[in-house]
Structure formats: C-alpha cells, structure tokens
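Here is an informal walk through one model. Have the sequence and the coordinates open, and follow along strand by strand.

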Amino acid sequence: MADSAAAAKPTPLLKDELDIVIPTIRNLDFLEMWRPFFEPYHLIIVQDGDPSKTIKVPDGFDYELYNRNDINKILGPKASCISFKDSACRCFGYMVSKKKYIYTIDDDCFVAKDPSGKMINALQQHIKNLLCPSTPFFFNTLYDPYTEGADFVRGYPFSLREGVPTAVSHGLWLNIPDYDAPTQLVKPLERNQRYVDAVLTIPKGTLFPMCGMNLAFDRELIGPAMYFGLMGDGQPIGRYDDMWAGWCVKVICDHLGLGVKTGLPYIWHSKASNPFVNLRKEYKGIFWQEEIIPFFQAATLPKDCTTVQKCYIELSKQVKDKLSKVDPYFDKLADAMVTWIEAWDELNPPSGAASKVPNGKAK
Ligand SMILES: O=c1ccn([C@@H]2O[C@H](COP(=O)(O)OP(=O)(O)O[C@H]3OC[C@H](O)[C@H](O)[C@H]3O)[C@@H](O)[C@H]2O)c(=O)[nH]1
Ligand SMILES: [Mn+2]
C-alpha cells in the first residue's frame, strides 16, 4: 500500500535544482505553514545580526545556515560586500547555492489563499513562471500567453511568439503591501486585498521596483547581477537592497534578451515594519532615486558585454562615473559591485555546472 501511495505522489518540480534562501533574525516557525510546499526543497538560511544567537529551524527541513562568522570565514576580506543588519544579506545565499534556481522569501511571509479559498503554492507558481518564456518585446493584452486558457492575441507577431528565457519571477503580497515609509505613515491601516489573477512580462526598456520578499530567479541566467548592495550597518541607506538589484537586473536582462515577470504568486505578508525606523533607513534613497532611476533608464551596455559578469562590471564603472557625484556612497557601492563579482566567480568557478555540485551541510 505504502509503495503505491509514494508512487502516486509526484516529485515536486525542480526538487533538486532549486534552493530556498531566507534572510532572518528570528526563529523560523513560519516554515510550519509552508511545510507542504517547502519541505522537499533545500533551504539556505542567512542569519543576520548577532551570530551567537541560535536560530531555531523546525524539524524535517534540509538546510544549511550561515551567520556573519561563516560569511567572514568563507569570503575573507570580500565579506565587506555583504550587508550586515539588513535583509540585503540574503544575496550571500544566492552566491553559495549550487543550484540553477533560487526562491527567496521573508520570514514574515505566509501562505496566502486565492479567491476560491485554496492555499497558494507560491513556489510552484514561480517555477511555472520561470519555466515558461517571457515576451518583453511586444505586449500581449491577454497577459501571459503561455498560461492555461490564454494565448497570443490577434496582431501579435508570430515571429515573436517563441518568447525569450525567463530570468526573474517577481511575486506579490496580500495584506501588508510593500510600501515605502512615507506611504506607510499616511496609510497605516491600508491592506492589499486585491487578488489580480495575472502574470505580466515587464516590457523591455521599463524598470520596476523589485521587492525581495517573494522572488524567484534563474541563477544561471542572472545570478551574478542579483547583488543586494551595501545596506544597513555602517551604510547611509537601507531598504533599497532589492530595488538596487532590480534596476541592475532589468538593465542586464534587457541587454541580454532575458525576461522578467511580475504578478502571481501572492504570499500573505503579515508584519508591517516600523514606518519611523523605515523612514530613517530609506529617506536618502527617496531623494537619490530621482537621480538613480534616470541613470538606469539611460544606461546602455556595449555589445561585447556578453555575460552577466561583464555587464555587471561595466555597470559598476558607470555607477562610479555617473552616480558618485550624487553621493560618495556610490563610489563605495561601485567597488562593492566588483568585489561581489570577484567573490561570485571565486565560489562559482565557470567550469563547474552550477546545479551538479552538492550543497553545503546543515550546521
Ligand atoms: O536587519 C535585518 C532585518 C530583517 N531581516 C530579515 O529580512 C526580512 C525582511 O524583514 P522585515 O519583514 O522585518 O522587513 P520588511 O519591511 O517587511 O521588509 C521589506 O523591506 C525591506 C526588504 O526589502 C525586504 O525584502 C522587504 O520585504 C525578514 O526575513 C527578516 O528576518 C534581516 O535579515 N536583517
Ligand atoms: Mn516583512
């Protein structure tokens, strides 16, 4: 009987090709709710803050955990590019992973329900988004043409219907929306109750505010560009980690002909962080982004930038050239971008096929 039951249970999609990266400063009880969806996958936990604190992980999960001491030991002086006391530290998990795909989620994000009341398996939807092509060059008005019950509409060029590989799947959030501090302050009680049943490719040439709390990507296609910058302790800015990564990633995806999708899946974001603390962390970013975004909108990469690393190094040069006048911070950030690539290539030598090397072990 048991054999037939096990045989009937399908192997979760990409079970051995995807890591789940969680940045955390607290015990991971939230995993209990995700157990049915996450248990078959390997977790990479990036413990931020005090490394002497023990993070409790519920039994039954296969994981490796890295605290600040581990990061310093593994990267040596290059650890300076990994933020401390900010969720930006999660990008260390992307670097140490050996898998082709990454899903990253915050520890205050829970399983949401769709309008029918069904629990949403966010991970499976992200995998579906990543395994289906994107359509950045021509907008399909019936949204994702590859999803069940939809297709390319009349007038959509057949020459473009093959689409391009999808590098990023950006999910959304019910309940607490990812608002900046000023918006949070004026709308403290606002909750996102709108479930929009759509997945959209973000058109080429359009930037977007990438939120890191429910995000998946193809690590082999775009991993080296997923650097979450210098944030938190000792830095003049915080909570722009995912934004910075998203702007760099989108410019590089546009240049390399890769797709970025946003929309389904939703998660349930449960905890609003303190808007006053957030304001202190973000306020420089609120001014700076008025100059940063035109910089990324105008950024072009030369034809000989044929790899993500080459694109990223070129972008770091342009950051140093054009953004250092905004604030000396960008000079430091540009150097950290180079350090990140050096560390990435050290941990991910080009010869090794990323998804074939075994993971690290739980602590
Ligand atoms: O110093 C820290 C603080 C938090 N974390 C971990 O990061 C995750 C997000 O933390 P939290 O849910 O408290 O903050 P939010 O304001 O909701 O986060 C949003 O804005 C900042 C980031 O862009 C984040 O991705 C957004 O979701 C959570 O897992 C904390 O444990 C940390 O590692 N270090
Ligand atoms: Mn949160």
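Start with a strand pair: E1 and strand E2, residues 42-47, run parallel and are joined by six bridges. Bear in mind throughout that this is a predicted model. Two of the residue pairings are easy to find: valine 21 has isoleucine 44 of E2 as its bridge partner, and aspartate 19 has histidine 42 of E2. The route from one strand to the other goes by way of a helix, since E1, helix H2 (residues 31-38) and E2 form a β-α-β unit of the right-handed kind.

**The neighbouring strands**

E1 also pairs with strand E4, residues 101-105, through four bridges, and that pairing is parallel too. Look for leucine 18, which sits opposite tyrosine 101 of E4. E2 has a further partner as well: strand E3, residues 62-66, joined to E2 by five bridges in the parallel sense. There, valine 46 faces tyrosine 66 of E3.

The three pairings side by side:

| Strand pair | Sense | Bridges |
|---|---|---|
| E1 and E2 (42-47) | parallel | six |
| E1 and E4 (101-105) | parallel | four |
| E2 and E3 (62-66) | parallel | five |

How buried is E1? Seven of its seven residues are buried, so the rest of the structure largely encloses this strand. Leu18, Ile20, Ile22 and Thr24 point to one side of E1, Asp19, Val21 and Pro23 point to the other, and every one of them is buried. E2 tells a similar story: six of its six residues are buried, so E2 too is largely enclosed by the rest of the structure. On one face of E2 you'll find His42, Ile44 and Val46, on the other Leu43, Ile45 and Gln47, with both faces covered.

**A mostly covered helix**

Now move to helix H5, residues 122-131, where seven of 10 residues are buried. Those seven are Ala122, Leu123, His126, Ile127, Lys128, Asn129 and Leu130. What lies over them? The cover on the buried residues of H5 includes helix H2 and strand E4, along with strands E6 (166-175), E7 (199-201), E8 (214-218) and E9 (259-269).

**Around the ligand**

Ligand 1 has 22 residues around it, and the closest are Asp48, Ser87, Gly212, Met213 and Ser273. Which elements give two or more residues to this shell? They are strand E1 (18-24) and helix H8 (241-256). By residue type, the shell around ligand 1 splits into 12 charged, five polar and five nonpolar residues.

**The nonpolar core and methionine 226**

The largest nonpolar core has 93 residues, and the members that touch the most others are Ile222, Cys248, Val249 and Ile252. Pick isoleucine 252 and ignore its neighbours within four places in sequence: its contacts are Ile222, Ala225, Val308, Cys311 and Tyr312.

Methionine 226 is in the loop that links helix H7 (219-222) to H8. Is this loop residue buried or exposed? Methionine 226 has 29 C-beta neighbours inside 10 Å, and 20 or more make a residue buried, so that is how it counts. With neighbours within four places in sequence set aside, methionine 226 is in contact with Cys91, Tyr94, Phe217, Ala245 and Val249. For a sense of scale, methionine 226 and phenylalanine 158 are 32 Å apart in space, C-alpha to C-alpha, and 68 residues apart in sequence.

**Backbone details to check**

Where is the cis peptide bond? Look between leucine 264 and proline 265, where omega is about 10°. Proline 265 belongs to strand E9.

Next come some phi angles. Lysine 85, a residue other than glycine, has a positive phi near 65°. You'll find lysine 85 in the loop between helix H3 (68-75) and helix H4 (91-96). There are 17 other C-beta atoms within 10 Å of lysine 85, so it counts as partly exposed.

Tyrosine 143 also isn't glycine, and its phi is positive, near 65°. This tyrosine 143 lies in the loop between H5 and E6. With 19 other C-beta atoms within 10 Å, tyrosine 143 is partly exposed, because a residue needs 20 or more to be buried.

Key: Residues numbered from 1 in each chain as written. Chains lettered and ligands numbered in written order. Predicted model: local features only at pLDDT ≥ 70, side-chain atom pairs only at ≥ 80, totals over all residues. Core = buried A, V, L, I, M, F, W, Y, C linked by C-beta atoms within 7 Å. Buried ≥ 20, exposed ≤ 12 C-beta atoms within 10 Å, placed from the backbone. Contact = placed C-beta atoms within 7 Å. Near = placed C-beta within 6 Å. Nonpolar A, V, L, I, M, F, W, Y, C, P; charged D, E, K, R; others polar. Pairing = 2+ DSSP bridges. Right-handed = clockwise from strand over helix to strand, strands pointing away.
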